[in-house]
Amino acid sequence: MNLADCYRLLELNTGASIAEIKASYRRLARRYHPDVNPTDGQAKEKFIAITEAYEILLAIAPTVEIPKEKPPATPYKAAEWSPPPKVTVTTRKEKPVTPEPPLSETDKQLKWQSYDQLQLLLKTQKFPRAIALVEGLAQRLPHDIEVRQWQAITYQRWGRYLVSQGDLDKARIYLKKALKTDPHNKSLWYEVKRDFDRMEYLY
């Protein structure tokens, strides 16, 4: 299932936020849930398909709204967090982006085959191979926004794994690479913030 199918199944526009994805999934899940349609085999298949689409889109959704309320109190003192060093985010008004020409059929096929392979590698925690795959794809499709998001997410997932293994120096390198790769992704900044907070809490 490719991204276009996922957005179509959930009746969403491309680039929908996590809040929009969740709202649409809840609405459609209630409509097609097997308990609501016990004798309708097509409804069951539809329910399975929208659930799969929902899980795929959650993994690559571009933005989320960061909760405004404070997190629950913890038994330890939370450290002050600031963006990682040597990461510069420009605040000036960016020039309008010129749309890139559409991908050839060969590049489209390569892109989505690579995406499926990338998801499997991340799921099985084969992070070095996942990074090699997505970096190669980024070289082939350097202006593709989705590929850049996948690359940043892969760096972040590898960094998070390294934190859990106690390899903090290497984790910092990949978490900062994630932010440099996709610096305007609010969801990514939120996840990287959690990773740096975890390093402060655990180590």
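In the predicted model, Q156 is buried, with a relative accessibility of 5%. This residue is placed in helix 6. Beyond its neighbours of up to four places away in sequence, Q156 touches L175, A178, L188, E191, V192 and D195. One of these partners, D195, lies in helix 8, which spans residues 186–202, and is likewise described as buried, at 3% relative accessible area.

The chain as a whole is helical in its assigned secondary structure, with 8 helices and 0 strands. Along the sequence the pattern reads α-α-α-α-α-α-α-α. Of the 203 residues in the chain, 39% are buried. The accessible surface amounts to about 13,300 Å², and carbon and sulfur atoms account for 52% of that area. When contacts between residues at least 6 apart in sequence are considered, 65% of them join residues at least 24 apart.

Charged side chains were examined next. Side chains of opposite charge can pair when their charged atoms come close. In the present model the count of salt bridges comes to 12. One of them is formed by the side chains of D195 and R160, with an N to O distance of 2.6 Å. Because D195 belongs to helix 8 and R160 to helix 6, this pair ties together parts of the chain that are 35 residues apart in sequence. The two partners are set in unlike surroundings: D195 is buried, with a relative accessible area of 3%, whereas R160 is partly exposed, at 26% relative accessibility.

A salt bridge within helix 8 involves K193 and D197, whose closest N and O atoms are 2.8 Å apart. These two residues are 4 residues apart in that helix, so that about one helical turn separates them. K193 is partly exposed, its relative accessible area being 31%, while D197 is buried, with a value of 9%. Salt bridges that share partners also join R160, E191, R194 and D195 into one network. Two members of this network, E191 and D195, are among the residues touched by Q156.

Helix 7, which covers residues 168–181, holds a further pair, D169 and R172, placed 3 residues apart, or about one turn of the helix. Their side chains meet in a salt bridge with an N to O distance of 3.3 Å. D169 is exposed, with a relative accessibility of 59%. R172, in contrast, is partly exposed, at 34%.

The surroundings of R172 extend beyond helix 7, in which this residue is placed. Leaving aside residues up to four places away in sequence, R172 touches F196 and M199. F196 is 24 residues from R172 along the chain, and the C-alpha atoms of the two residues are separated by 8.1 Å.

The interior of the model was also examined for enclosed space. Rolling a probe the size of a water molecule over the atoms shows where empty space is left. With a threshold of 30 Å³ or more, the count comes to 1 cavity. The largest cavity holds about 50 Å³ of space. Its lining consists of A59, I60, L118, Q119, L122, W150, I153, T154 and R157. By class, this lining comprises 6 nonpolar, 2 polar and 1 charged residues.

Several helices contribute to the walls of the largest cavity. Helix 3 (41–60), helix 4 (105–123) and helix 6 (145–165) each supply at least two residues of its lining. Helix 6 gives the most, with 4 residues. Helix 6 is also the location of Q156 and of R160, the partner of D195 in helix 8. Residues of helix 6 thus appear in several of the settings described: in the lining of the largest cavity, in the buried position of Q156, and in the salt bridge between R160 and D195.

Note on methods
Residues numbered from 1 in each chain as written. Predicted model: local features only at pLDDT ≥ 70, side-chain atom pairs only at ≥ 80, totals over all residues. Heavy atoms only, no water. 1 Å grid on protein atoms, 1.4 Å probe; cavity = no way out; pocket = protein on both sides within 12 Å on 5 of 7 lines; lining within 4 Å. Points joined across faces, edges and corners; volume = space filled by probe spheres on them. Nonpolar A, V, L, I, M, F, W, Y, C, P; charged D, E, K, R; others polar. Salt bridge = Lys/Arg side-chain N within 4 Å of Asp/Glu carboxyl O. Buried < 20%, exposed > 50% of the residue type's maximum accessible area, 1.4 Å probe, protein only. Contact = heavy atoms within 4.5 Å. Areas by Shrake-Rupley, 256 points an atom, 1.4 Å probe, with all protein chains shown as cover.
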